[in-house]
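User: Could you walk me through how the two chains in this model fit together? I'd like to go step by step.

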Protein chains: 2
Amino acid sequence: MKIDVLPVFGDITEKQLRGKLAVVFDVLRATSTIVTALANGCREVVPVLTVEEALAYAEDHPDAILGGERDSLLIPGFHLGNSPLEFTSGRVKGKTVVLTTTNGTRAIRRAARGSAGVLIGSLLNIKAVAEEIAGAGYDVVMVCAGTRGCFSLEDTVAAGMVCRELARTVPGKKAPLLESDFAAAACRLADFYSKDPLRALYDSLHGQKLAARGFSEDLTFCSRLNSAGIAPGYRHGRIFTVPFTVPGN
Amino acid sequence: MKIDVLPVFGDITEKQLRGKLAVVFDVLRATSTIVTALANGCREVVPVLTVEEALAYAEDHPDAILGGERDSLLIPGFHLGNSPLEFTSGRVKGKTVVLTTTNGTRAIRRAARGSAGVLIGSLLNIKAVAEEIAGAGYDVVMVCAGTRGCFSLEDTVAAGMVCRELARTVPGKKAPLLESDFAAAACRLADFYSKDPLRALYDSLHGQKLAARGFSEDLTFCSRLNSAGIAPGYRHGRIFTVPFTVPGN
C-alpha cells in the first residue's frame with residue numbers, strides 16, 4: 001500500500017487523487033467536530049461551502065441542525081458553532097447536521113473529486129481510520145486541510161499518526177510505503193507528539209489563536225487520541241458512519 | 001528576531017523576503033558543495049542558472065573551474081560534478097568556481113531578489129550561520145531548495161537546526177520567534193535528527209536516489225554537523241566568505 005501526505009488541500013490535482021482513498025484532516029476543528037457529532041449519534045453530516053447553502057438546506061429540512069464557523073466564531077442564525085463540545089448527544093442524536101467551516105468542509109469536498117472514497121480523520125479516531133484503510137486495500141492520500149492555505153502542524157501530526165498505526169498493524173508485503181519526504185516528516189512529527197498530542201495543538205499557531213479566544217477546552221478535547229471508534233466516510237454530499245464501505249469493496 | 005522557514009523556493013514572493021536575511025539550504029548537495037569549496041580555499045563561487053551561462057563565463061575566465069549537475073550527474077565539458085568530495089583544496093584553492101545545479105543555484109538567485117542578504121546554509125555550517133544571523137540582527141527567512149518543487153526532509157532539518165541553535169544562543173528579548181507552524185515543525189524534525197543527521201539524509205527520497213547511484217559517501221560527508229566554520233554570503237552574483245557582512249551592518 002502506497003501512502004502520501006499532502007500538506008494543504010488547495011493544490012491537489014485530480015490526478016493525485018485518482019483511484020486512491022483520501023483521508024481528510026482538519027483537527028482544529030472541523031473533522032474533530034464531525035467525528036464527535038457522528039459518535040454522539042448524529043444521523044449524517046452535510047458539509048457545505050457557504051452560509052447561504054446551509055440556510056437553503058435548512059429551509060427544505062426544518063429539523064436540520066446548522067453548525068459551523070467563520071474566523072472561528074458562530075455564524076449568525078446558526079444553532080451551533082464549530083466546537084466539538086457543542087455537538088452533544090442531546091443536540092444531535094438522530095439529526096442531520098449541516099456544517100460549513102473555513103477550511104475543513106472545503107477540503108472534504110475537494111478530496112472527493114476524483115478519489116475512490118473519502119474518510120474523515122482526526123486525533124480522535126486514528127485507529128479506526130487505520131483499520132478502515134487496511135480493510136479497503138487502496139493506496140492512500142492523506143489530505144491536510146491546513147490553515148489559510150499553509151501547512152498546519154496538527155493536521156500533519158494526525159496524518160503521521162495514521163501512517164504509524166498502519167506501519168504497526170499492516171505487516172509484510174502490504175506494509176505501507178511512504179511516497180514522499182513530507183509523509184516521512186509527518187511520521188517523525190507523529191513520533192515526537194505521540195505521548196503528548198495536546199502539545200502539538202499548543203505548538204500550532206491556530207491552536208494558540210483558539211486558546212486565546214477561550215477555546216482551550218476544545219484543544220484538550222480534540223487531542224484525545226482514539227476516543228472515538230468510528231471512521232466516517234463522505235459520499236454523495238453526506239458524511240456518515242454505518243454502513244460505510246469504500247466503493248468497490 | 002522573527003524566523004520563518006519556507007518549504008520550497010518556487011513560491012517565494014519578494015514581499016516574504018523584503019528587509020529580511022535569507023538563508024538558503026540545498027543540503028543534497030549544492031549548498032554543502034559551496035560551503036566545502038569555500039572552506040577549502042576557493043576564492044568565490046558564481047552560481048549560474050544554465051549550462052550555457054557557465055560555459056560563457058568560462059570563455060571570459062579561462063582559469064574558472066566549472067562544476068554542477070543535471071539529474072545528479074556530471075555535465076559534459078565541466079571539470080567537476082556536484083559532489084562536495086570533488087571540491088578539494090588541490091582543485092579549488094584560490095580559484096573561481098562556476099556552479100549550476102537543478103535546484104540549489106536557482107534557489108540562491110531567487111532568494112536574493114528583494115532580501116537584505118543571502119547566506120548559504122548546510123548541515124556543515126549550522127553554528128557559523130547561526131552566529132552570522134545573531135550578529136546581523138535582521139529577521140530571517142530560511143529558504144529550503146526542496147526537490148523538484150516539493151518539500152525535502154534534509155533541507156527542512158538543516159533549517160530547523162539553525163533555528164534551534166539560535167534559540168539556544170540568543171537569549172531574552174531577542175530570542176527567535178517562530179512565525180509559522182512549518183518553522184515549528186522544522187525545529188521538531190531537527191530535534192529528532194540532531195543525534196543522527198545522516199539518518200535524515202537516508203530517510204529522504206533524494207538521499208536514497210543518490211545512494212542508489214553510488215553517492216553514499218556524499219551523504220556521509222554532507223551529514224557532518226559543523227565541520228565547516230564559515231557562513232558564506234551571496235552578493236552581486238558571487239558567493240564568498242571573507243569579508244562577508246550583511247549590508248547595512
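Analyst: Happy to! This is a predicted model, and a good place to begin is the surface the copies use: 100% of the interface residues of chain A are also interface residues in chain B, so the copies meet through the same surface.

User: How many residues does the contact take from chain A and from chain B?

Analyst: Residues count as in contact here if their C-beta atoms, placed from the backbone, lie within 7 Å. On that basis, chain A and chain B each bring to the contact 18 residues.

User: Which helix gives the most to the side of chain A that touches chain B?

Analyst: Two helices of chain A, H7 (153–169) and H8 (181–193), each supply at least two residues of that side. By residue class, the side of chain A that touches chain B holds ten nonpolar, four polar and four charged residues. With eight residues, the top contributor is H8(A).

User: In chain A, which C-alpha is nearest the axis?

Analyst: A turn of 180° with a shift of 0.0 Å along the axis lays chain A on chain B with an RMSD of 0.0 Å. The two copies are therefore related as by a two-fold rotation axis. In chain A, the C-alpha nearest that axis lies 3.4 Å from it and belongs to Leu189(A).

User: And what is the radius of gyration of chain A?

Analyst: Chain A has eleven helices and ten strands. For its 249 residues the globule rule gives 18 Å, and the value for chain A is close to that, so chain A is as compact as a globular protein of that length. Its radius of gyration is 17 Å.

How values were computed: Residues are numbered from 1 along each chain as its sequence is written. Chains are lettered from A and ligands numbered from 1 in the order in which they are written. This is a predicted model: local features need pLDDT of at least 70, side-chain atom pairs count only at pLDDT 80 or more; totals for chains, interfaces and linings use all residues. Two residues are in contact if their C-beta atoms, placed from the backbone, lie within 7 Å. Helices (H or I, at least four residues) and strands (E, at least two) are DSSP runs, numbered from the N terminus. Ala, Val, Leu, Ile, Met, Phe, Trp, Tyr, Cys and Pro count as nonpolar, Asp, Glu, Lys and Arg as charged, and the others, Gly among them, as polar. The radius of gyration is taken over C-alpha atoms; the globule rule is 2.2 Å times the number of residues to the power 0.38. Copies are superposed by least squares on the C-alpha atoms of residues with pLDDT of at least 70 in both.
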